[in-house]
Amino acid sequence: MPRHIVSGLKYLTAVELVRNGLSQKEVAETLDVDRSTISHYLNGRNLSWSSIEIAETITQMCPKDFLLLTYALLDDLEKTRIMVKTCSKSKWDAIVKDSCIACGICVDTCLMKAIVLENLKARIDSDWCCGCLICRDNCPTNSIEILEVENGY
Amino acid sequence: MVTNTKEVKALDFDISRSTEEERKLSFKDEFCIGCGICEKVCPVEAIELGDIGAIVRNEADVPKICIDEDKCVLCGMCSVGCPVDALDFTVDGESIKDMDVYPHYVSSAEIDDETCIYCKACETACPREAITIARDLPDRAKLVTGEIEIDKETCIDCGICEEMCPADAITLEHKIPTSADPTVSSDINVDKDKCVYCLICRKVCPVDAIKAVCRTCSYGEYDLDPAAAEIEGSSFIDDDLCVRCGWCQEICPVDAAKVKKPFKGELTIDQDKCTSCGACVDICPCDVLSFPQPEEPGQIVDKVFKDEKYCIYCGACGNVCPVEAITVKRTDVDYTPTKSKSWKNKMESLKT
C-alpha cells in the first residue's frame, strides 16, 4: 500500500534527521507529522518492518527512480526534496561547462530546486543535487556533467 | 517535462514557458528586416528564415521567420542577436535588453533637440519612418508689422483685392443685388492675423479705397520681438523601428543627429553575376541599394548602385540574392561584455 510505503520513507527520514542532530520536535515540523507519530516511529512502534524494507529498497534505487517514485507516492514536492536529500547516501558534484547558454531548462526540470542561473550560466548546488541526471538529460547543449564523488552504500 | 506554449497573433507570435520563472519570446513581424541573424545564432536550430525575398516583394501574409516551439529552449540568443526590435525576450516580464548580464549591441540613434532646427529632412529621409519631428511655427502676424484700412464708402466691391491677396486675408461678403439693396457685397474685411502688408491690394485697387503701409519697410523691425520668430519643436525616434542606418545623421544640415552602428563591415556586389532582379533593393531596410540611372543615352552604368555609408551590414540583401552576387562581411561587432563564454562566442560568431 502506498500509504505504508510513505510511512516507511518518513520513518527512514526521521531516523536520519535525528542522527543528524535534529530534535523530535524539529523532525515532526520538517516532515509535517505529529510529534507522537515521530516518537512511535523512533521507538519502533506502529510500523511494519516490511514497509521499512520496501522504503529502504526505494532509497537504494538509482537516484532518478528514488526521486520520481518518492514524488509520485507523496505528491508533495517540498517533502520529497527533504526525504531524498536526507536519505540519499551518495554525494554528487556537478560540472557546468562553458557551453551552457543559460536557457534555464535545467532550472525548470530540477525537482530538487538545486539549480540557479548566475551570470548566464547554470550553478548546481551539490548539497541539494540528488544525482538524478534529469538536468543533464534535458540540457540542449550537453553542458552538464554529474559525478558521484561519494558512495555511502 | 517542461513544454513551451505558442500563441500566434496574425504574423506575430509568442513562445513561452512558465515554471520557476516565466520566459517569453515575442516576435513582431512588422519590425523584422529579414537579416536572418536569429537563424544563425539559434543554438538549437529552432528558427527558420522564410523566403523573405518573395514575402517582401509580394507583401505576402506569411511571417518572415518561423520558430519551432518544440525545439526552442527559450535562451534568448535570437533576441540579443536581432539588430532591430523584432524579437523581444523577457524573463518574469523584464526584457533582457534591460539586464546587464546579457550582452547587447552598442548602438544608438539620437537627435539633439538643442541643435535641431526641425527642418524635417531626417523625417523624410528615414527609410523606416522611425522619426517624427513635431514643430510649432510662429504666429505670422508677429513677424510683420503695418497698417491697413479699407474705405468701405469708396469700395466698389469688385473683389480684385480678394482675388489677388497672396495671404487670403481679404474677404468680401458676396451677394446678389436686390432693388432694396443694389450692391454685390454686403461687407469687406481684412484679417490682420493673415495680412503680411505686401501692399498688393493697395496697388491693384481700381478706386484707391485701400490705405496700407508696411512699417517694417519704412522703419525697420523696431517693434518686432525677435523671440516671436523662434521655432519650437521636438524630435522623436521610434527605437522599435530604427535600424541605425545613419540616414538622419548624413542628411541633417546642422549635425543634430548622431548614429552609432553595431556592426562594421563590407558590402560587395558582383556586377557580372547580378541580374538586376531588384530583390536586394526591395529588402534593404536602409535604402543602401538602388538602380542607377544613366546620365546620357547609351552610357553603361552599374546594375545595382550601393551607398555603403547607410549600410548596417545586416545581410538581408545577401539572403535574398538568387544568384549569390552579394557578399556581406561583418568585420566588427560592438557589444557589451558578458561573463558567459558561450554568449561571447555567439556574439563573436557574427563576424564573418
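**Figure 1. Chain A as a whole, in a predicted model.** Of the 153 residues of chain A, 43% count as buried. Welcome to this predicted model; the overall frame of chain A is a handy place to start. Its C-alpha atoms fill a box of roughly 55 × 25 × 25 Å along the principal axes. Chain A holds 8 helices and 4 strands, and, read from the N terminus, these elements follow the order α-α-α-α-α-α-β-α-β-β-α-β. If you take the contacts in chain A between residues at least 6 apart in sequence, 64% of them join residues at least 24 apart.

**Figure 2. A close-up of Ala94(A) in strand 1 of chain A.** This strand covers residues 91–96. Is Ala94(A) buried or exposed? With a relative accessible area of 21%, Ala94(A) is partly exposed, because the buried class ends under 20%. Once neighbours within four places in sequence are set aside, Ala94(A) is in contact with Ile124(A), Ser126(A), Glu145(A) and Ile146(A). For a sense of distance, look also for Glu16(A): the C-alpha atoms of Ala94(A) and Glu16(A) lie 24 Å apart in space, and the two residues are 78 apart in sequence.

**Figure 3. The interface of chain A and chain B.** Together the two chains bury about 1500 Å², with 61% of that area on carbon and sulfur atoms. On the chain A side, Ile101(A), Asp108(A) and Leu120(A) lose the most area to chain B, and together they make up 41% of what that side buries. As for who takes part, the contact draws 17 residues from chain A and 22 residues from chain B.

**Figure 4. Charged and polar pairs between chain A and chain B.** Here you will find 2 salt bridges between the chains. One of them can be picked out by name: the side chains of Arg17(B) and Asp108(A) meet in a salt bridge, at 2.6 Å from N to O. The interface also has 10 residue pairs in polar contact, both residues at pLDDT 80 or more. Which element of chain A gives the most to the side that touches chain B? That is helix 7 of chain A, residues 105–109, with 4 residues. Sorted by class, the side of chain A that touches chain B has 9 nonpolar, 5 polar and 3 charged residues.

**Figure 5. An open sheet of 5 strands in chain B.** Follow the strands across in the order 1-2-3-6-7, with antiparallel pairing. Strand 1 (5–9) and strand 7 (94–95) of chain B are the edge strands, each pairing on one side only. Strand 1 of chain B is joined by 5 bridges to strand 2 of chain B (residues 12–18), and these two run antiparallel. To see one bridge for yourself, start at Glu7(B): its bridge partner in strand 2 of chain B is Asp14(B).

**Figure 6. A close-up of Ser235(B) in strand 14 of chain B.** The strand spans residues 232–237. Ser235(B) has a relative accessible area of 19% and is buried, because the class takes in values under 20%. The side chain of Ser235(B) makes a polar contact with the side chain of Asp113(B), at 2.7 Å. Beyond neighbours within four places in sequence, the residues in contact with Ser235(B) are Ile111(B), Asp113(B), Tyr118(B), Thr132(B) and Ile133(B).

Conventions:
Residues numbered from 1 in each chain as written. Chains lettered and ligands numbered in written order. Predicted model: local features only at pLDDT ≥ 70, side-chain atom pairs only at ≥ 80, totals over all residues. Heavy atoms only, no water. Contact = heavy atoms within 4.5 Å. Buried area = accessible area lost by both parts, 1.4 Å probe. Salt bridge = Lys/Arg side-chain N within 4 Å of Asp/Glu carboxyl O. Polar contact = N/O pair within 3.5 Å; in protein donor to acceptor, adjacent residues only side chain to side chain. Nonpolar A, V, L, I, M, F, W, Y, C, P; charged D, E, K, R; others polar. Buried < 20%, exposed > 50% of the residue type's maximum accessible area, 1.4 Å probe, protein only. Pairing = 2+ DSSP bridges.
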